[in-house]
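I'm opening a fresh notebook page for this one. Below is the structure itself, and after it come my entries in the order I looked things up.

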Amino acid sequence: MLSNQEHPKSSYYAATANPFAPLPRLTESLSADVCVVGGGFTGLSAALNLAERGFKVVLLEANRIAWGASGRNGGQINTGLRKSPQELIARFGKQRGRALFDLAEEARAIIWDRVAQHGIKCDLRDGNMLLASKPGDLPWMEEEIACYEREMDYHKAKLFDREAIRSEIASDLYFGGITDTGGGHLHPLNYALGLAEAAKAAGAQMFEHSAATKIEETGGKVTVTTASGKVEAKYAVLGCNAYLGGLEPRIAGKIMPIDNFVIATEPMPEAEARALIPSGACACDTKFVVSYYRVTADNRMLFGGGERYTTEEPADIAAFVKPYMLKVFPQLSSKRIEYGWGGMLAITMLRLPHLGRIGNVFYAHGYSGMGVAITGIAGKLIAEAMAGSAERFDVFAQIPHQTFPGGTLLRHPLLVLAMLWYVLRDKL
């Protein structure tokens, strides 16, 4: 696992981050009620919720706060989970499927509540779109909306055909889509920094450049060791997601770290930027290798996408991603790409988040692209469980998750084979 790293200078988010004073490195032995490992959305949400409940919390981050996916992602706040409402009901039944959806909806509400409560400046706004890459997407989209309304009592999504969707996005690429006023987008790094400030204000002790090298539980205590200190606590929380590494081998094989790459153009005149997506919503498509994008508060196109079959970053991220952007918006061909960065997220076999506990060690990871919102409810549920009420935590924790075939050694080569198959399907 990488440690002692700064935010990438090539990141638009890092370049536009709100002021946040560096945190100290852990250089002593501390005791706490809870040691949280990971300073991204999961760890920050857990630390904040626990501190608000009166727990003595110590948070350890290997690099800088939100250095990983939390500070690098597309910033999109989507509806539900990666499984459609029909799939949730088919797999878990109506009652539990609805419970999972309701928790996902609560997760979205948490974002707006936290932003208002703590005055977090993160360019939060509502609206998202799921765009049909094939004509065959429209029938299942219509069925999905009907299921949302019938089974989930959700009425904020609307189906647009090919002609209508052109009024929502200045692209001829799509065959229709779903517009959803319940979703939205934000500046993820600034949202994370706001959560960190709130957690500090609530009493959490936080340390940067303090990578956990070992975690062990003996005699009812959990000890988390770093290169220059340690924390003894009753409980620990692992919020490492794609950067878990070998810290807890018993759950490492349940997730697959995958790379993702994002670019941001130069700023555009407001009228030109607004014409691209008049509603100001964010968007993603239905391909297996998803393209996702939005116009930023300062009128840039922020675009993520492109398949990659190695574990190494492209030598030139801007050159790698820009062709995917031009397939959607050829009118942006003359725009300069000012930022290009990458990072890792984690998926599960089910594409549903993996929450659970091993003894007194709680964990949450594998959000499969839905982490901006779901991390908020994950931290809240962990805090509830530690406080003695695990019923809602168990709604997620009881989802049976498979280990990736081949475990941590072979999961990536097998993923590459699977991606090649789905990419071929995308192109047919």
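What radius of gyration would a compact globule with 428 residues have, and what does the protein have? I found 21 Å for the protein, which agrees with the value near 22 Å for a compact globule of 428 residues. The radius is taken over C-alpha atoms, and the globule rule is 2.2 Å times the number of residues to the power 0.38.

Before going on, a note to self: this is a predicted model, where local features need pLDDT of at least 70 and side-chain atom pairs count only at pLDDT 80 or more, while totals for chains, interfaces and linings use all residues. Residues are numbered from 1 along each chain as its sequence is written, and side-chain values use heavy atoms, with hydrogens and water left out.

**Overall look**

I boxed the C-alpha atoms along the principal axes and got roughly 65 × 45 × 45 Å. I then looked up the secondary structure: twelve helices and 17 strands. These are DSSP runs numbered from the N terminus, with helices being H or I of at least four residues and strands E of at least two.

Next I checked burial, and 58% of the 428 residues are buried. Buried means under 20% relative accessible area, exposed means over 50%, and partly exposed is in between (1.4 Å probe, protein chains only).

For contacts (heavy atoms within 4.5 Å), I looked at residues at least 6 apart in sequence: 74% of those contacts join residues at least 24 apart.

**One buried threonine**

I picked Thr42, which sits in helix α2 (residues 41–52). Is Thr42 buried or exposed? Thr42 counts as buried, at 4% relative accessibility. Leaving aside neighbours within four places in sequence, I saw Thr42 in contact with Gly239, Ala364, Tyr367, Thr375 and Gly379.

**Salt bridges**

How many salt bridges does a search of the whole structure find? I got 22, each being a side-chain nitrogen of Lys or Arg within 4 Å of a carboxyl oxygen of Asp or Glu.

I started with Glu270 and Arg274, whose closest N and O atoms are 2.6 Å apart. The two are four residues apart in helix α8 (residues 270–276), so about one helical turn separates them. Glu270 is partly exposed, at 45% relative accessibility.

Helix α8 came up again with Glu272, which pairs with Lys335 at 2.9 Å between the closest N and O atoms. Lys335 lies in the loop between α9 (317–328) and β15 (337–348) and Glu272 in helix α8, so this pair ties together parts that are 63 residues apart in sequence. Lys335 is buried at 13% relative accessible area, whereas Glu272 is partly exposed at 31%.

I also noted Asp285 with Lys287, the closest N and O atoms being 2.4 Å apart. Asp285 is buried, at 4% relative accessibility, and Lys287 is partly exposed, at 26%.

Last in this section, I found a network of salt bridges linking Glu266, Asp298, Arg300, Arg336 and Glu338.

**Backbone oddities**

I looked for positive phi in residues that are not glycine. Asp123 has one, at about 55 degrees. Asp123 is in the loop between α3 (85–118) and β4 (125–131) and counts as partly exposed, at 42% relative accessibility. Arg351, also not a glycine, has a positive phi of about 60 degrees, and I placed Arg351 in the loop between β15 and β16 (354–358).
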